[in-house]
Amino acid sequence: MIYMALFGTSVCGVLGFEYWQTARVIADQTDTTIEVETQGLAEHYREFGLAQLIFVIKERARNNPNLQSIYLLTTPKYKLLAGNLSAWPEQARGKPDWVNFQIETTNTKGKKVERPARAQTFLLPDKFHLLVGREMTERQNIQALLTNALVWGLVLTLALGMVGGILMSRHVLSRIEAINRGSRAILDGDMQRRMPVTGSGDEFDRLSENLNAMLNQIEFLMTGMREVTNDIAHDLRSPINRLRTRLEVTLLEKPNPENIKSVMKDTIQEVDAILETFNGILDIALAESGVLRDNFERVDIAEVMTDAVELYEPVAMEKSQTLECSIKDGLMVQGNRNLLFRLFANLLDNAIKYAPENGKISVEAIADKTFISVVVADNGPGIPPEQREKALQRFTRLEVSRTAPGSGLGLALVAAIARLHNAPLKLEDNAPGLRATLLFSKNG
Amino acid sequence: MRVLVIEDDQEAAAYMAKGLKEQGYVVDHAATGPDGLALATAEKYDLLIVDRMLPGMDGLVIVEALRKSANHTPVLFLSALAQVDDRVRGLQAGGDDYLTKPYAFSELLARIEALLRRNTAVSEQTVFKVADLELNLLKRSVTRAGQKIDLQPREFKLLEYLMRHSGQVVTRTMLLEGVWDYHFDPKTNVIDVHISRLRQKIDKDFEAPLLETVRGAGYSLRDTTA
């Protein structure tokens with residue numbers, strides 16, 4: 001509404017100005033013409049005398065039977081001498097000046113009509129009165145036309161403006177309302193709902209796309225949390241149950257100090273295993289939440305990898321495995337040094353665990369202009385393609401590894417840490433074996 | 001050795017006190033922050049064990065206050081807070097070590113011992129001896145019974161750490177921190193393998209085994225002949 005008022009006022013202003021200028025130009029033009037003619041006639045009188053002036057005026061009057069141009073010459077006492085007016089207008093008596101008055105003419109149909117006229121009066125030497133003017137109908141018609149045009153222009157502009165304004169605001173409001181509707185639906189519990197995208201690529205679409213990206217992220221985090229609670233419930237129940245049973249049964253037996261001591265030692269071990277699982281789940285959840293990104297620092301991946309290789313080298317040696325290393329110098333990224341070490345430690349641990357005796361494990365880190373590529377590969381049984389995605393989930397124990405020790409969280413943690421560092425983990429066939437790749441984007 | 005435990009969980013504090021007393025420590029207990037701060041200021045302790053989540057007060061505040069008044073008693077933080085910067089903040093506030101709950105009691109004991117030993121100027125030493133095993137930091141050499149032993153750099157660092165903590169229990173986590181400078185709990189037996197390699201070199205061909213495995217806790221390098 002305010003916009004409309006402002007718009008309307010400015011349009012009025014512009015049109016009004018135009019009108020005033022145009023009207024003035026037309027008025028000025030007419031007056032100038034009259035003025036020039038008046039001066040011309042006065043000159044004529046001065047040069048050639050009264051008789052000649054009368055002659056000229058009579059001729060001009062004859063040429064203007066319908067009073068398009070008006071001429072009148074009178075004596076000092078206003079007695080008619082020449083011209084096409086029947087009498088000296090009353091308004092014109094007095095000092096020589098511009099005067100507007102009405103004249104009587106016959107129109108094309110023969111009727112007598114009154115028309116507006118404008119004239120200039122002039123006092124010739126010897127006090128003769130000269131009047132020169134023009135009939136103003138046409139000028140007034142033009143003025144009326146102009147006014148009309150301007151008024152209509154104003155009305156049209158205001159109307160169009162109003163309509164346009166309403167349409168536009170309706171459009172904007174409807175887009176906003178669509179987003180509001182979506183938000184309310186989500187708040188009411190429809191977590192799958194997303195904001196509408198019309199495909200026009202305008203600001204509202206961009207807003208919707210950004211909101212949708214946020215919602216996807218929230219959904220991902222919520223799913224993660226749900227999974228954590230599920231995992232905790234599911235995978236801690238069994239060991240806790242085992243623990244309880246063992247303690248209960250021991251209570252039922254005859255008290256035997258040796259036995260009790262050994263049961264307690266086993267219990268501590270079992271509790272440790274439970275704690276390990278518990279901490280593993282929390283670590284993954286923490287890594288997935290992205291909170292740790294706030295404390296990222298510059299980390300040399302080459303250094304971390306070399307340290308990890310050095311830590312696991314004796315373990316590989318025990319299985320007579322060869323550990324091949326090709327790590328380029330100085331590969332810097334933004335990240336968390338301890339988590340990255342855990343990532344490589346887990347990958348190496350897995351590789352050594354699954355590769356056979358005398359097997360081969362290779363560790364590689366290279367960089368090009370945009371990426372740092374890290375690969376840990378082994379020539380063990382590998383993971384069949386259809387099971388690769390599942391392998392990254394928590395607590396998955398693939399057939400191959402059912403008998404091996406570990407909590408089943410290793411790869412899940414690796415995947416979470418990799419995602420936290422924007423270097424998603426890719427599992428491929430090492431023909432034979434598993435090839436785990438991470439691509440870090442270069443960061444200074 | 002006098003230890004002050006500032007912990008609001010009565011049961012946990014009681015068990016901790018009992019365990020520490022078994023090991024020969026004299027233990028006092030404060031259940032609130034203000035009480036703990038008052039006790040720590042009034043009395044002389046060899047070690048403070050401070051829980052971070054105290055009613056109405058973060059344990060950090062107590063330690064910061066102590067450090068400001070030039071009290072340099074070693075502090076071990078216990079906390080259920082395990083975010084990355086929590087540990088850093090704890091150490092920055094003046095803490096000397098940080099253990100997250102739940103922890104193994106053996107780990108707690110080992111770290112307490114390490115902190116207490118640290119306080120008695122071992123850092124300046126350049127030559128370490130345990131029985132007939134000798135490590136020279138300046139010469140980077142290791143000998144046992146006069147015989148030279150060749151160690152790789154990491155093995156040397158490992159032995160140095162064990163010798164600095166000779167007679168104490170050293171946990172796997174402590175080794176990973178002190179020798180490899182990474183902070184987490186290594187699940188698999190990776191540290192064990194390094195220890196056994198070291199053992200091969202310093203114990204196998206000699207009479208008395210010095211590098212012991214302490215079941216459920218970690219390792220210890222000690223003179224078993226004494």
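Start by selecting A:Pro116, which you will find in strand E4 of chain A, a strand that covers residues 112-123. As you look around, keep in mind that this is a predicted model, and that every value in this tour was computed from it.

With A:Pro116 highlighted, ask whether this residue is buried or exposed. A:Pro116 counts as buried because its relative accessibility is 16%, and the cut-off for that word is under 20% relative accessible area. Now add A:Ile103 to the selection: the two residues are 13 apart in sequence, while their C-alpha atoms lie 6.3 Å apart in space. If you leave aside the neighbours within four places in sequence, A:Pro116 is in contact with A:Phe101 and A:Gln102, and also with A:Glu135, A:Met136, A:Thr137 and A:Gln140.

Two of those partners, A:Thr137 and A:Gln140, lead to the next stop, helix H3 of chain A, which takes in residues 137-187. Select the whole helix and follow it from end to end: its 51 residues reach 73 Å from the first C-alpha to the last, which is close to the 75 Å expected at 1.5 Å a residue. Which residues of H3(A) are buried? They are A:Thr137, A:Arg139 and A:Leu150, followed further along by A:Arg175, A:Ala178, A:Ile179, A:Gly182, A:Ala185 and A:Ile186. In looking at such a list, it helps to remember that an α-helix has 3.6 residues a turn, so residues three or four places apart point the same way. After the helix, select A:Gly189, which follows H3(A) and has a positive phi, near 125°.

Before leaving chain A, colour the chain by pLDDT, for which the mean is 84, with 95% of the residues reaching 70 or more. The stretch to pick out is residues 399-404 of chain A, where the pLDDT is below 50 and where the model has six contacts beyond near neighbours in sequence. Where pLDDT is low, the predicted coordinates should not be read in detail.

Next, show chain A and chain B together and turn to the place where they meet, at which 24 residues of chain A are in contact with 19 residues of chain B. The area buried between the two chains is about 2,100 Å², and carbon and sulfur atoms give 59% of that area. Select A:Glu310, A:Leu311 and A:Pro314, which supply 23% of the area that chain A buries against chain B, more than any other three residues.

How many salt bridges are found across the interface of chain A and chain B? There are three, and one to display is the pair A:Arg337 and B:Asp181, whose closest N and O atoms are 3.7 Å apart. On the side of chain A that touches chain B, the elements giving two or more residues are helix H5 (257-289), helix H6 (301-318) and helix H7 (337-354). Of the elements there, H6(A) gives the most, with 10 residues.

Finally, hide chain A and look at chain B, whose secondary structure comes to eight helices and 14 strands. Of its 226 residues, 49% are buried. The last residue to select is B:Ser79, which lies in strand E6 (residues 75-79) of chain B and is buried, with a relative accessible area of 0%. Show its side chain, and you can draw a polar contact of 3.5 Å to the side chain of B:Tyr98. Not counting residues up to four places away in sequence, B:Ser79 touches B:Asp51 and B:Arg52, as well as B:Tyr98, B:Leu99, B:Thr100 and B:Lys101.

Methods. Residues numbered from 1 in each chain as written. Chains lettered and ligands numbered in written order. Predicted model: local features only at pLDDT ≥ 70, side-chain atom pairs only at ≥ 80, totals over all residues. Heavy atoms only, no water. Helix = DSSP H or I, 4+ residues; strand = E, 2+ residues; numbered from the N terminus. Expected span 1.5 Å × (residues − 1). Buried < 20%, exposed > 50% of the residue type's maximum accessible area, 1.4 Å probe, protein only. pLDDT = per-residue confidence, 0-100. Contact = heavy atoms within 4.5 Å. Buried area = accessible area lost by both parts, 1.4 Å probe. Salt bridge = Lys/Arg side-chain N within 4 Å of Asp/Glu carboxyl O. Polar contact = N/O pair within 3.5 Å; in protein donor to acceptor, adjacent residues only side chain to side chain.
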